[in-house]
Amino acid sequence: MAAIRNYDANTVGSREVLAAVKKKRKPGMILFSAFAGIALLLMVIGFIVENYVLFVVAGFFFLVFLPFAIVFLVKYTHPMKCRELKKNPVALQQADWMFRNIIFQNDMVVVSQSFFAPKSDIAAIFPVQEVLLMYKRIVTTNFSTMYFWVIETVRGTSQIAYPKSMEEVMTQCIDVIAPLCPHIRLGHNQENLNYRDYMRAMWEQTQVNQGTNK
């Protein structure tokens, strides 16, 4: 597949992924830009009223916040340079294929025969061939209870958060996705965790061997 920088990201899947990547950077861009702007304003005020302590302190924070603001701005305006797409250089192609071949979707996921992705983060695309284990995880604190579906792949672990009201919908998603994944196991137990570790070790060794043979 073509590298991202040479790929025409002008179809539905690509646009959805790029929008999701930009959405992640927008709060950071706004926050650090606001902090840098406030610090700059205080610098100007300190200079005008000849309060050089205020000027120096505000200048220090301006220099701290400005690089973060610039980084988030660059990543927001150039989403193809973001970490998610560097980590998965064929994400746009996968997303386009997935959206062209949808077999199921609801409020939680988009599913094709080869890939699926949570709608809350469409850039997190899972090839069905790489999924090893899925199970529900419930985290209870003094203030709330959080629900997750944990997805273990050969590359790592991801979680899809969902509210309790969507539990039936999430179960429906798993019922559709699981039969598509040839290597999947369901449920959190030691046997399945051992299976996950074994399959990951095998996959990593395969990657090493392929790299050696190039």
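**Entry 1: the sheet**

How do β2 and strand β3 pair, and over how many bridges? I looked this up in what is a predicted model. I found that β2 and strand β3 (residues 115-118) pair in the antiparallel sense, over three bridges. The connection between β2 and β3 is a hairpin of two residues. As one contact across this pairing, I noted that V111 has F116 as its bridge partner in β3.

I then turned to the other neighbour of β2. Strand β2 (residues 109-112) is joined to β1 by three bridges, and these two strands also run antiparallel. I recorded two bridge partners in β2: S112 for I102 and V111 for F104. β1 and β2 form a hairpin, with three residues between them.

Taken as a whole, the sheet is open, has four strands in the order β1-β2-β3-β4, and pairs in the antiparallel sense. Which strands stand at the edges? They are β1 (102-105) and β4 (126-127); each has a single partner strand, so one side of each is left without a neighbour in the sheet.

I also asked whether the faces of β2 are covered or open. Both are covered: V109 and V111 are buried on one side, and V110 and S112 are buried on the other. For context, I noted that in a regular strand the side chains alternate between the two faces of the sheet.

**Entry 2: aromatic pairs**

I counted the aromatic pairs and obtained 10. One of them is F60 with F61, an edge-to-face pair with 5.4 Å centre to centre and 75° between the planes. F61 also pairs with F65, but here the rings are stacked, at 6.1 Å centre to centre and 25° between the planes. Why are F61 and F65 separated by about one helical turn? The reason is that they are four residues apart in helix α2 (residues 52-77).

I checked accessibility for two of these rings. F60 counts as exposed because its relative accessibility is 52%, whereas F61, at 38%, counts as partly exposed. I then followed the contacts outward and found that F60, F61 and F65 belong to one aromatic cluster together with F32, F35, F68 and F72.

**Entry 3: charges over rings**

I looked for charged ends placed over aromatic rings and noted two cases. The charged end of K22 sits over the ring of Y76, at 4.8 Å from its centre. The charged end of R137 sits over the ring of F148, at 5.8 Å from its centre.

**Entry 4: a nonpolar patch**

Which element supplies the largest share of the nonpolar patch? Helix α1 (residues 12-48) does, with 10 residues. The patch lies on the surface and has about 1100 Å² of accessible area together; its members include L31, F35, I38, V44, F47 and Y52. F35 thus appears in my notes twice, as it is also listed in the aromatic cluster. I examined L40, another member of the patch, in its own right. L40 lies in helix α1, and L40 counts as partly exposed because its relative accessibility is 39%.

**Entry 5: salt bridges**

I searched the whole structure and found eight salt bridges. One of them joins K136 and E167, with the closest N and O atoms 2.4 Å apart. K136 lies in strand β5 (residues 131-140) and E167 in helix α5 (residues 167-177), so this pair ties together parts that are 31 residues apart in sequence. Are K136 and E167 buried or exposed? K136 is partly exposed, with a relative accessible area of 39%, while E167 counts as buried at 16% relative accessibility.

A second salt bridge is formed by the side chains of R200 and E152, at 2.6 Å, N to O. This pair links distant parts of the chain, with R200 in helix α6 (residues 190-213) and E152 in strand β6 (residues 145-153), 48 residues apart. R200 is buried at a relative accessible area of 16%, and E152 is buried at 2%.

I noted a further salt bridge between R196 and D197, whose closest N and O atoms are 3.0 Å apart. R196 counts as buried at 15% relative accessibility, and D197 counts as partly exposed at 39%. Which residues are joined into one network by salt bridges that share partners? They are E152, R196, D197 and R200.

Definitions and conventions: Residues numbered from 1 in each chain as written. Predicted model: local features only at pLDDT ≥ 70, side-chain atom pairs only at ≥ 80, totals over all residues. Heavy atoms only, no water. Phe/Tyr/Trp six-rings, centres within 6.5 Å; stacked < 30°, edge-to-face > 60°. Buried < 20%, exposed > 50% of the residue type's maximum accessible area, 1.4 Å probe, protein only. Lys NZ or Arg CZ within 6 Å of the ring centre and 35° of its normal. Patch = residues over 30% accessible without salt bridge, like charges linked within 9 Å, V, L, I, M, F, W, Y side chains within 5 Å. Areas by Shrake-Rupley, 256 points an atom, 1.4 Å probe, with all protein chains shown as cover. Salt bridge = Lys/Arg side-chain N within 4 Å of Asp/Glu carboxyl O. Pairing = 2+ DSSP bridges.
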